[in-house]
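Hi there,

Here is the structure I promised to pass on to you. Have a look at it first, and then read my notes below.

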Amino acid sequence: MSAKQYNVSGMTCEHCAQAVKTEVGELAGVTGVAVDVAAGVVSVSGEGFTDAGVQAAVEEAGYKVVS
């Protein structure tokens with residue numbers, strides 16, 4: 001299993017975190033999503049998910065992956 005962290009801008013509250021968890025959690029291969037709103041970090045674990053897929057899911061939730 002692999003895990004990656006993504007910096008995400010725009011999250012300010014637990015509702016933001018839940019929206020991101022829901023969208024990213026629906027991706028094929030994702031087995032876990034943890035969101036640290038204060039740090040602006042989303043940690044994704046699983047096998048077979050792609051950076052592009054995570055980015056698209058974060059954008060669907062209304063936020064943006066930043067480098």
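How much accessible surface does the chain have, and what share of it belongs to carbon and sulfur atoms? The surface comes to about 3,700 Å², with 51% belonging to those two kinds of atoms. Such areas come from the Shrake-Rupley method with a 1.4 Å probe, and for residues only the protein chains shown count as cover.

Some background: this is a predicted model, where local features need pLDDT of at least 70, side-chain atom pairs count only at pLDDT 80 or more, and totals for chains, interfaces and linings use all residues. Residues are numbered from 1 along each chain as its sequence is written, and side-chain values use heavy atoms, leaving out hydrogens and water.

Now the overall fold. The chain has 2 helices and 4 strands (DSSP runs numbered from the N terminus: helices are H or I with at least four residues, strands are E with at least two). Along the sequence they follow the pattern β-α-β-β-α-β. The C-alpha atoms fill a box of roughly 30 × 20 × 20 Å along the principal axes.

Of the 67 residues, 34% count as buried, meaning under 20% relative accessible area (exposed is over 50%, partly exposed in between; 1.4 Å probe, protein chains only).

One residue to find is Ser45, which sits in strand β3 (residues 41-46). Ser45 is buried, at 19% relative accessible area. Leaving aside neighbours within four places in sequence, Ser45 is in contact with residues including Met1, Gly29 and Val30 (contact means heavy atoms within 4.5 Å).

Enjoy exploring!
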